[in-house]
Amino acid sequence: MGEIILRNLTKKFGHVTAIRDLNVEIKNGEIVSFLGPSGCGKTTTLRLIAGLERPTDGEIYIDGELVSSKKTLVPPERRNLGMVFQNYAVWPHMTVFANVAYPLRIRKIPKKEIMQRVEEMLELVGMRGYEARYPDQLSGGQQQRVALARALIVRPAALLLDEPLSNLDAKLRERMRFELMELHKNTKITVVYVTHDQAEAMVLSDRIMVMNEGTIQQVGTPLEIYRQPVNRFVADFIGVANFVDCKLLEVNDGKGTVLVGTGTILECEVSPHVSPGQRGVLFIRPESIELHTREKPGTVAGLVRRKVFLGGKIDYRIEVEGMEWRVEGDPEGTIREGDRVYLLVKRARFIPE
């Protein structure tokens, strides 16, 4: 079991409202990420779930039991949750074995069972053979695995992860993402993951809760969040995007046309709650634009202002009617800075003001 429900959850620190009226249901076995910029309330939400903070208003239920409200606060040790922090928090004076075994020892588990469960857990996180080492003899990734093993050894209902990979270098962070996915596949545990890193959220999550200024802006799968953002904040926070001022002309069954600039008309996707005449922005991902050297039907003319090599692709900055568009291109292409080019938009979405 590992269902977590937040109902009308609010937390204030003095006159500052850290989170406001959150309503979230996290299903058993699901990986849910709280994603957002620093100060948006995501870590406060995790601390409330863990029992490290009491809500100002609202309720938290874990597996149907009320664990937090204005009048109720079940302490962290009685919530059957595992937690891994940004700084790992492994004890430097203890060996790997002692670190992982500690939660069982304070629960008075028999020594034979402790030996067995520690071996199983170290095998699960790929740390067999490191039992006698101390944390200062381990890499950052290995210390993180020890912290995960220690959190999981009590067989918690859910695992709470607070920016667990942010102290690792880029390559190790990428590798650990996939190790966490494999760990979840093997354990089927509910995971609540807090991060400001959109790539981590995209790779790991079944659903993403995008937060800003203490509220949830959008809830959805990684694909929904990436392709169908509900507002400009979500679109801008997730990935790279172009935002082009426009006016909605027509709407028909989820499709529409917009007027861009001095007279260009483009097709786009629209949400069900928009109507002709509304102003807003056209949201276009760089990879949703084809770059051509000759004019074709439906293309928009532009001038290449900057060209940056990024390994597997070229990042072009193209001026279109006084606005800068970002477009991805083939690194083997012959387009140069100063060239006149033609942009064909393959996918765009209208976001109202």
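This is a short tour of selections to make in the structure above, which is a predicted model.

**Stop 1: helix 1.** Start by selecting residues 42-50, which make up helix 1. Seven of these nine residues are buried, so the helix is largely enclosed by the rest of the structure. Colour the buried ones to see them: Lys42, Thr44, Thr45, Leu46, Leu48, Ile49 and Ala50. Then step on to Gly51, which follows helix 1 and has a positive phi, near 95°.

**Stop 2: Glu53 and its partners.** Show the side chains of Glu53 and Arg47 next; they meet in a salt bridge, 3.4 Å from N to O. Is each partner buried or partly exposed? Arg47 counts as partly exposed, at 30% relative accessibility, while Glu53 is buried, with a relative accessible area of 19%. Now add Lys11, which forms a salt bridge with Glu53 in which the closest N and O atoms are 3.9 Å apart. Because Glu53 sits in the loop between helix 1 and strand 4 and Lys11 in strand 1, this pair ties together parts that are 42 residues apart in sequence. Lys11 is buried, as is Glu53.

**Stop 3: Glu30 and Arg207.** Select these two for another salt bridge, this one at 2.6 Å, N to O. Glu30 belongs to the loop between strand 2 and strand 3, and Arg207 to strand 9, so the pair links parts 177 residues apart in sequence. Glu30 is buried at 8% relative accessible area, and Arg207 is buried at 19%. If you would like to look for others, a search of the whole structure finds 18 salt bridges.

**Stop 4: Arg349.** Move to strand 20, residues 349-352, where you will find Arg349. Arg349 is buried, with a relative accessible area of 12%. Its side chain joins that of Glu269 through a polar contact of 3.4 Å.

**Stop 5: two surface patches.** Switch on the surface and pick Trp91, Tyr102 and Ile106, a nonpolar patch with about 270 Å² of accessible area together. Tyr102 comes from helix 2, residues 96-105, and counts as partly exposed at 31% relative accessibility. For a charged counterpart, select Glu3, Glu25, Asp63 and Glu65, which gather in a surface patch of negative charge. Among them, Glu65 lies in strand 5, residues 65-68, and is partly exposed at 41% relative accessibility.

**Last stop: Gly280.** Finish in strand 14, residues 279-284, at Gly280. Gly280 counts as buried, at 5% relative accessibility. To look back towards Stop 2, draw a C-alpha to C-alpha distance from Gly280 to Arg47: 37 Å in space, for residues 233 apart in sequence.

Definitions and conventions
Residues numbered from 1 in each chain as written. Predicted model: local features only at pLDDT ≥ 70, side-chain atom pairs only at ≥ 80, totals over all residues. Heavy atoms only, no water. Patch = residues over 30% accessible without salt bridge, like charges linked within 9 Å, V, L, I, M, F, W, Y side chains within 5 Å. Areas by Shrake-Rupley, 256 points an atom, 1.4 Å probe, with all protein chains shown as cover. Salt bridge = Lys/Arg side-chain N within 4 Å of Asp/Glu carboxyl O. Lys, Arg positive; Asp, Glu negative; His and termini not counted. Charge placed at Lys NZ, Arg CZ, Asp CG, Glu CD. Helix = DSSP H or I, 4+ residues; strand = E, 2+ residues; numbered from the N terminus. Buried < 20%, exposed > 50% of the residue type's maximum accessible area, 1.4 Å probe, protein only. Polar contact = N/O pair within 3.5 Å; in protein donor to acceptor, adjacent residues only side chain to side chain.
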